[in-house]
Amino acid sequence: MKIAILTGAGISAESGLGTFRDENDLWTQYDLEDVATPEGFARDPALVHSFYNARRANCASASHNVAHEALARLEKSDHVVTLITQNIDDLHERGGSNDVIHMHGELMRALCANCDHRWDAPAEMQATDTCPSCTATATRPDVVWFGEIPYHMDAIMLAVSECDLFVAIGTSGDVYPAAGLVDMATQAGADTLEINLAPSSRANAFARSLIGPATTTVPQWVDEVLGQTR
Ligand code: APR
């Protein structure tokens, strides 16, 4: 079976990384206009770097969880799995997944806004850093900000349009184009499943749902798909 999986912040919540729209979470502590838009970065690059430096440190000290591991187990099965994530953390990779499609970029990567060079980000990035390739003072986290185009959309739309099953895990369904992928899957005749702590704003677009914390629901679902009973 061809399975396309889209994950959001909810799959990393039990690893201690904040989500965005639950109470007391990232967008209630920071104004996303200031730290997650190109305009905010142009206005105050030091503030934006300090925001991502803090998230990078938080991510480095966090551990992946059994939901990340379960998806890696599914990936190693005979099923054809495409793992698409909106998350910029590296917990899927640390949980054993390969070929993760990071449509909103990666916290652990840096980008030169002048020459498009990419490299592994240092723990702390500063506005005064220079690009290791072109030496311009134009370095930024390699993350997709609001108003920018998500990465790898061709590969994502191909996988979603060809899958037998589309599964969204731990995402509020508030941000497009990710929130619209379920419609593309449905139009292509795929089965659809939402796995979430609570019904998302796109819940009605899914044929089925599995409600509960990801560390319980995702291993349970993967075992069902693999035909194993734990
Ligand atoms: N298990 C499963 N789901 C959970 C858990 C959990 N333990 N905790 C929270 N959730 C669910 C919430 O119910 C919510 O639906 O995860 C979802 C998190 O939603 P958001 O905080 O909006 O995160 P996400 O959907 O990933 O945001 C999408 O918006 O801010 C931008 O670029 C950012 O990639 C992000 C995008």
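Helices, as runs of at least four residues in DSSP state H or I, and strands, as runs of at least two residues in state E, are numbered from the N terminus.

**Figure 1. Overall view of the predicted model, a protein with nine helices and nine strands.** The radius of gyration is 18 Å, which agrees with the value near 17 Å that a compact globule of 230 residues would have. Along the principal axes, the C-alpha atoms of the protein fill a box of roughly 55 × 35 × 30 Å. Buried residues account for 50% of the 230 residues, and of the contacts between residues at least 6 apart in sequence, 62% join residues at least 24 apart.

**Figure 2. Close-up of Asn87, in the loop between strand 2 (80-85) and helix 6 (91-94).** Asn87 counts as buried because its relative accessibility of 4% falls under the 20% cut-off. Its side chain reaches two backbone atoms, namely the oxygen of Gly8 at 2.9 Å and the nitrogen of Ala9, likewise at 2.9 Å. When residues up to four places away in sequence are not counted, Asn87 touches Thr7, Gly8, Ala9, Ile11, Ser12, His102 and Gly105.

**Figure 3. Close-up of Gly10, in the loop between strand 1 (2-7) and helix 1 (26-29).** With a relative accessibility of 22%, Gly10 counts as partly exposed. Leaving aside residues up to four places away in sequence, Gly10 touches Thr19, Gly170 and Ala214. The C-alpha atoms of Gly10 and Asn196 are separated by 7.4 Å, although these two residues are 186 residues apart along the chain.

**Figure 4. Close-up of helix 5 (residues 66-75), which is mostly covered.** Seven of the ten residues of helix 5 are buried, and these are Ala67, His68, Ala70, Leu71, Ala72, Leu74 and Glu75. The elements that cover the buried residues of helix 5 include strand 1, strand 2, helix 6, strand 7 (165-169) and helix 9 (214-225). In an α-helix there are 3.6 residues a turn, so residues three or four places apart point the same way. At the N-terminal end, helix 5 is capped by Asn65, a side-chain oxygen of which lies 2.7 Å from the backbone nitrogen of Ala67.

**Figure 5. Close-up of the largest cavity, which holds about 90 Å³ of space.** A search of the whole structure finds one cavity of 30 Å³ or more. The lining of the largest cavity consists of 14 residues, among which Leu6, Thr171, Gly173, Ala178 and Ala179 lie nearest its centre. Sorted by class, this lining has eight nonpolar, four polar and two charged residues.

**Figure 6. Close-up of the cis peptide bond from Tyr176 to Pro177.** Most residues other than glycine have a negative phi, and most peptide bonds are trans. The bond from Tyr176 to Pro177 is cis, with omega near 5°, and Pro177 itself is found in the loop between strand 7 and helix 8 (181-187).

**Figure 7. Close-up views of Asp99 and Thr135, each a residue other than glycine with a positive phi.** Phi of Asp99 is near 50°, and this residue has its place in the loop between helix 6 and strand 3 (101-102), where Asp99 is exposed with a relative accessible area of 70%. Phi of Thr135 is near 65°, and Thr135 lies in the loop between strand 5 (118-120) and strand 6 (139-143). Thr135 is exposed as well, with a relative accessible area of 56%.

Note on methods: Residues are numbered from 1 along each chain as its sequence is written. This is a predicted model: local features need pLDDT of at least 70, side-chain atom pairs count only at pLDDT 80 or more; totals for chains, interfaces and linings use all residues. Side-chain values use heavy atoms; hydrogens and water are left out. On a 1 Å grid over the protein atoms alone, a cavity is a set of points where a 1.4 Å probe fits but cannot get out, and a pocket is an open set with protein on both sides within 12 Å along at least five of seven lines; lining residues have an atom within 4 Å of a point. Grid points are joined across faces, edges and corners, and a volume is the space filled by probe spheres set on the points. Ala, Val, Leu, Ile, Met, Phe, Trp, Tyr, Cys and Pro count as nonpolar, Asp, Glu, Lys and Arg as charged, and the others, Gly among them, as polar. Buried means under 20% relative accessible area, exposed over 50%, partly exposed in between (1.4 Å probe, protein chains only). A polar contact is a pair of N or O atoms within 3.5 Å; within protein, one must be able to donate a hydrogen and the other to accept it, and residues adjacent in sequence count only if both atoms are side-chain atoms. Contact means heavy atoms within 4.5 Å. The radius of gyration is taken over C-alpha atoms; the globule rule is 2.2 Å times the number of residues to the power 0.38.
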